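Here is a friendly walk through a two-chain model, meant to be read with the structure open beside it. Please keep the viewer at hand as we go.

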Amino acid sequence: MLDPAEARVRAELDDPGFIAGVQAGRWRIHAFAFPRLDFYIAATEPDGRTVAYGFRGDVTNFPATNPMVRIWDLAADTPLSAPLRPKGNQRVAITFQQWGDDTVYRPWDRMTGLHNSNAVNLPHLAWRSDRRLQFILEDLHGILNLNARAHRLRAAA
Amino acid sequence: MTDIKLQDDTDGLALASKGEPPDIHRIPVRFEAHDLLIEVTADRTVEYILTIIATDHALLIEDLYIVREGEDAPLACEQPIHDGHQRRHHVHRRQPVTVTVNYQAASHHREFRRHGTLEAVLDWAIRVFDIDASMAGEFELTRMGSTEELPLSDHVGHLAGKHDAFALDLVRGDIANGGHHA
């Protein structure tokens with residue numbers, strides 16, 4: 001019998017909003033072998049190049065338990081080394097910093113939410129069981145493309 | 001980091017595993033922030049989607065229009081729906097929306113097309129509030145009085161719903177506190 005968490009994740013991967021993100025080139029699933037979910041998210045580098053970063057998620061007991069997400073070198077099957085992590089402003093640097101648990105440093109993440117009471121202090125960014133995977137993908141996509149905004153605005157100035 | 005384009009050779013897991021008949025396509029459609037999948041055959045035109053939305057919401061087809069995700073021009077009613085990619089189709093009411101953005105003690109407003117993105121609103125707000133481009137990445141939009149940051153890919157029309165105006169706050173994007181980033 002399918003684990004309810006796996007069934008829920010599979011259903012969410014079939015959501016119109018999730019599919020729209022795939023079709024728009026914002027994200028895509030690399031592999032799903034419950035509870036492991038590997039995915040890519042499109043990003044804009046400080047020089048304006050469009051690239052994609054890999055992530056490894058753990059969706060055990062989803063959605064009651066927060067997903068845990070690490071930035072991951074999916075080809076080498078290791079955490080992405082610090083020099084290769086996304087560059088940009090402070091929000092980018094903090095999100096993808098190497099820290100004790102080395103998950104993405106966003107309050108919705110299972111480990112970051114507990115760390116320094118981030119989930120309590122920032123409830124609008126914390127995980128709730130009524131959230132969907134798309135919330136995480138949108139959040140990471142937003143952070144990974146902050147460089148694009150600065151580029152656009154400088155070009156328009 | 002990988003130098004790949006995600007829109008090439010990529011399908012969602014579910015898209016790839018459905019095993020549906022090849023002549024039936026499930027088209028993602030968004031109307032007033034509600035997402036649905038509409039099954040269509042290759043011969044269906046844009047009018048088919050408009051008819052479904054208009055019927056469900058007691059609206060007139062002529063009061064609605066459709067834009068494909070990533071495109072700027074509305075689709076003609078007689079145009080085929082399926083474009084080989086199953087991109088999301090956004091259905092909007094025709095009238096534009098006046099968006100007010102509040103930042104500190106000031107406010108500015110401007111009319112936007114319903115298929116304008118919140119990213120376009122944010123770009124405009126950063127310019128009109130004279131925020132330096134180097135600081136642009138620090139800001140997000142929330143609904144007025146809320147702290148929930150809005151996804152910038154969403155369309156103005158989906159936030160407006162049946163209304164012709166709404167207000168947003170321009171805020172500093174929050175960052176988690178801690179780790180040991182140098």
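## Sheets, cores and the chain contact

Strand S5 (residues 97–103) of chain B pairs with strand S8 (residues 165–172) of chain B through five bridges, and the two run parallel. Strands here are DSSP runs of E with at least two residues, helices are runs of H or I with at least four residues, and both are numbered from the N terminus. Two strands count as paired if DSSP finds at least two bridges between them. This is a predicted model, in which local features need pLDDT of at least 70 and side-chain atom pairs count only at pLDDT 80 or more, while totals for chains, interfaces and linings use all residues. Residues are numbered from 1 along each chain as its sequence is written, and chains are lettered from A and ligands numbered from 1 in the order in which they are written.

Within the parallel pair, B:Val101 faces B:Leu168 of S8(B). S5(B) also pairs with strand S6 (residues 106–112) of chain B, this time antiparallel and through seven bridges; there B:Val101 has B:His108 as its bridge partner. The hairpin of S5(B) and S6(B) has two residues between the strands.

Stepping back, chain B holds four helices and eight strands, in the order α-β-β-α-β-β-β-β-α-β-α-β from the N terminus on. Of its 182 residues, 31% count as buried, that is, with 20 or more other C-beta atoms within 10 Å of their own; a residue with 12 or fewer is exposed, and one in between is partly exposed, with C-beta atoms placed from the backbone.

An automatic or database domain assignment gives the bounds of domain 1 (13–93) and domain 2 (97–172) in chain B. Taken over C-alpha atoms, the centres of these two domains of chain B are 27 Å apart. Each domain gives seven residues to their contact, where contact means C-beta atoms, placed from the backbone, within 7 Å. On the domain 1 side, strand S4 (residues 89–93) of chain B supplies the largest share, three residues.

Now for the other chain. In chain A, five strands form an open, antiparallel sheet in the order S1-S2-S3-S4-S5. Strand S1 (27–33) and strand S5 (78–79) of chain A are at the edges with a single partner strand each, so one side of each has no neighbour in the sheet. Helix H6 (133–144) of chain A packs on this sheet and touches S1, S2, strand S3 (50–58) and strand S4 (68–73) of chain A, with its direction at about 35° to that of S2(A). That angle lies between N-to-C directions on a scale from 0 to 180 degrees, with axes fitted to C-alpha atoms, for helices over the stretch in contact. S1(A) and strand S2 (residues 36–44) of chain A are joined by six bridges, and A:Ala31 is placed opposite A:Asp38 of S2(A).

The largest nonpolar core has 39 residues, and A:Trp27, A:Ile41 and A:Leu140 are among those with the most contacts inside it. Such a core is a set of buried Ala, Val, Leu, Ile, Met, Phe, Trp, Tyr and Cys residues joined through C-beta atoms within 7 Å. Helix H2 (16–23), S2, S3, S4 and H6 of chain A each give at least two residues to this core. Another core, of 18 residues, lies apart from it and includes A:Ala150, A:Leu153, B:Ala125 and B:Ala136.

How many residues of each chain take part in the contact between them? The answer is 45 residues of chain B and 53 residues of chain A. Helix H1 (13–17), strand S2 (34–41) and helix H3 (118–128) of chain B are the elements that give two or more residues to the chain B side.

Finally, some backbone details. Most residues other than glycine have a negative phi, and most peptide bonds are trans. The table lists local departures from that pattern.

| Residue or bond | Value |
|---|---|
| A:Phe34 to A:Pro35, cis | omega about 5° |
| A:Phe62 to A:Pro63, cis | omega near 5° |
| B:Glu32, positive phi | about 50° |
| B:Gln104, positive phi | near 50° |

A:Pro35 sits in the loop between S1 and S2 of chain A, and A:Pro63 in the loop between S3 and S4 of chain A. B:Glu32 counts as partly exposed because 18 C-beta neighbours lie inside 10 Å, whereas B:Gln104 is exposed, with 8 other C-beta atoms within 10 Å.

Key:
Contact = placed C-beta atoms within 7 Å.
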